[in-house]
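Me: I should like to test the vocabulary applied to this model, term by term. Please set each value against its definition.

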Amino acid sequence: MPRQVLEDTLTADSIAADSALAASGDATAFERLYRTHVARVHTLVRRMIDADEADDVTQDVFIRAWQKLSTFRGESAFGTWLHRLAVNVVLARRKTVGIERGRFINEEEPLDGLSSKRVTPELSMDFEEALASLPEGARQVFVLHDVEGYRHEEIARMLGVVPGTSKSQLHHARMALRRHLER
Amino acid sequence: MNDLWTNRLSEYIDGELDNNERAKLEAHLATCGQCYATLAELRQVVTRAKSLSDTPPATDLWTGIAREIRREQAPPRRDRLVRRRFSLTVGQLLAASIALVLLSGGGAWMMLHSGRQPTSTTFEAPSPAVPPRQYQSARWKVQSDMAIAELQDALSANESKLDTATVRIVRENLAIIDRAIGQAQHALRRDPNNTYLNVHLANTMRQKIELLRRANALASSES
């Protein structure tokens with residue numbers, strides 16, 4: 001067996017083992033799961049909401065994961081389950097803090113915070129910074145569709161909008177971000 | 001640039017236009033350099049999004065998470081944990097134990113294949129600290145093989161009492177253990193006096209016996 005294949009197998013097996021142990025109350029196993037997945041979860045959260053709230057929300061995701069581990073039956077990979085949980089936590093928070101109003105921009109209006117003109121090199125911002133500058137609705141649709149691979153129907157269901165709105169938001173986000181591609 | 005078609009470029013990239021719309025848009029692209037250039041930029045955005053990398057938080061968040069977990073593990077939480085422990089499926093518990101066997105076996109495999117073979121003088125056997133010679137004894141092997149054979153016969157007779165998913169999990173885990181045993185036996189043929197490998201083989205066979213016992217016990221409880 002090639003070494004890389006063996007190591008990948010062992011990693012997947014150790015995650016499966018740790019998720020079962022953590023579900024039985026083993027906090028040490030849960031810490032190992034945290035170490036393995038925190039970068040992925042934190043990055044997702046940071047892209048979906050304001051960066052200064054990312055730490056708190058990421059902690060909330062892992063605390064909820066600990067509370068809900070008994071419902072994880074192993075049908076999917078632990079990482080997939082955790083990722084979906086993180087998306088749900090972010091979207092639930094969005095409703096809780098009452099920031100729905102104005103999150104979806106009018107299709108005819110330019111995106112706030114992003115110039116419609118091509119930026120000069122000295123004014124260019126990092127792609128991640130440009131992404132963070134998008135209005136929340138467009139940013140979340142872009143992250144869920146283009147970064148995370150969700151389909152418009154799933155996104156529309158999660159956000160409580162029609163698929164056409166999700167498609168429109170995605171196009172506006174892409175149109176704004178194309179001006180901030182690193183050259 | 002035609003706004004009507006520009007606003008459909010993302011749908012075009014994502015393959016969401018029907019044949020008629022796609023044909024019309026492609027005809028437009030053949031005559032509109034600006035839309036053609038925009039399409040290329042939008043494709044770059046899609047490609048860039050897929051290449052974004054993950055970065056960990058600037059500070060370690062585990063301390064706050066651990067504090068909350070400890071708070072939840074206070075006495076009221078303990079009752080819930082007990083219930084949760086019993087709510088685990090047999091498959092989850094078996095997966096945990098088998099994965100640990102594999103991790104241990106994989107470590108042995110990698111050590112042997114990297115040329116850094118542990119020797120009996122440098123590797124301390126895991127507990128229980130039974131003398132390695134005992135593991136090597138023909139008597140021990142015969143007893144283990146007999147126990148496994150008996151339990152496997154019993155499981156064959158009882159398997160129909162288990163649901164399909166459980167049977168599948170048990171078979172998969174037995175296959176994993178058998179591979180681990182095979183690897184250990186293979187490694188021992190090259191280094192028969194290696195303490196770690198002997199203890200590992202014994203522990204893996206004990207895991208197999210334990211798995212077979214659990215499966216038989218589960219089948220008995222179902223009857």
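Me: Which residue just after helix 6 of chain A takes a positive phi, and of what value?

Reply: Gly149(A) does, with a phi of about 85 degrees. The model is predicted, so local features need pLDDT of at least 70 and side-chain atom pairs count only at pLDDT 80 or more, while totals for chains, interfaces and linings use all residues. Residues are numbered from 1 along each chain as its sequence is written, and chains are lettered from A and ligands numbered from 1 in the order in which they are written.

Me: How do you know how many helices and strands chain A and chain B contain?

Reply: They are DSSP runs, numbered from the N terminus: H or I over at least four residues for a helix, E over at least two for a strand. Chain A has eight helices and zero strands, and chain B has eleven helices and zero strands.

Me: Why is Thr166(B) called partly exposed?

Reply: A residue is buried if 20 or more other C-beta atoms, placed from the backbone, lie within 10 Å of its own, exposed if 12 or fewer, and partly exposed in between. Thr166(B) has 19 such atoms and is therefore partly exposed. This residue is found in helix 10 (residues 164–190) of chain B. Its C-alpha is 8.7 Å from that of Ala215(B), although the two are 49 residues apart in sequence.

Me: What makes helix 6 of chain A mostly covered?

Reply: Ten of the twelve residues of helix 6 (residues 136–147) are buried, including Arg139(A), Phe142(A) and Asp146(A). The buried residues pack against helix 2, helix 5 (127–132), helix 7 (152–159) and helix 8 (163–177) of chain A, together with helix 4 (33–50) of chain B. Over whole chains, 40% of the 183 residues of chain A count as buried, and 25% of the 223 residues in chain B.

Me: Why are the 51 residues of the largest core called a nonpolar core?

Reply: The name is given to a set of buried Ala, Val, Leu, Ile, Met, Phe, Trp, Tyr and Cys residues joined through C-beta atoms within 7 Å. Among the members that touch the most others are Val45(A), Val61(A) and Phe142(A). Helix 2 (residues 27–48) of chain A supplies the largest share, nine residues. Apart from this core lies another of 19 residues, among them Leu155(B) and Ile176(B). Residues are in contact if their C-beta atoms, placed from the backbone, lie within 7 Å; not counting residues up to four places away in sequence, Val61(A) touches Val41(A), Val45(A), Leu85(A), Ala86(A) and Val89(A).

Me: How do helix 3 of chain A and helix 5 of chain B cross?

Reply: Axes are lines fitted to C-alpha atoms, for helices over the stretch in contact, with angles from 0 to 180 degrees between N-to-C directions. Those of helix 3 (residues 54–68) of chain A and helix 5 (residues 62–72) of chain B come within 9 Å and cross at roughly 35 degrees. The crossing is right-handed: the near helix is turned clockwise from the far one by less than a right angle, whereas anticlockwise would be left-handed. The contact includes Phe62(A) and Trp66(A) from helix 3, and Ile65(B) and Glu68(B) from helix 5.

Me: What is the pLDDT over residues 100–124 of chain A?

Reply: pLDDT is the predictor's confidence in each residue, from 0 to 100. The mean for chain A is 81, and 75% of its residues reach 70 or more. Over residues 100–124 of chain A the value is below 50. Where pLDDT is low, the predicted coordinates should not be read in detail.

Technical notes: Two residues are in contact if their C-beta atoms, placed from the backbone, lie within 7 Å.
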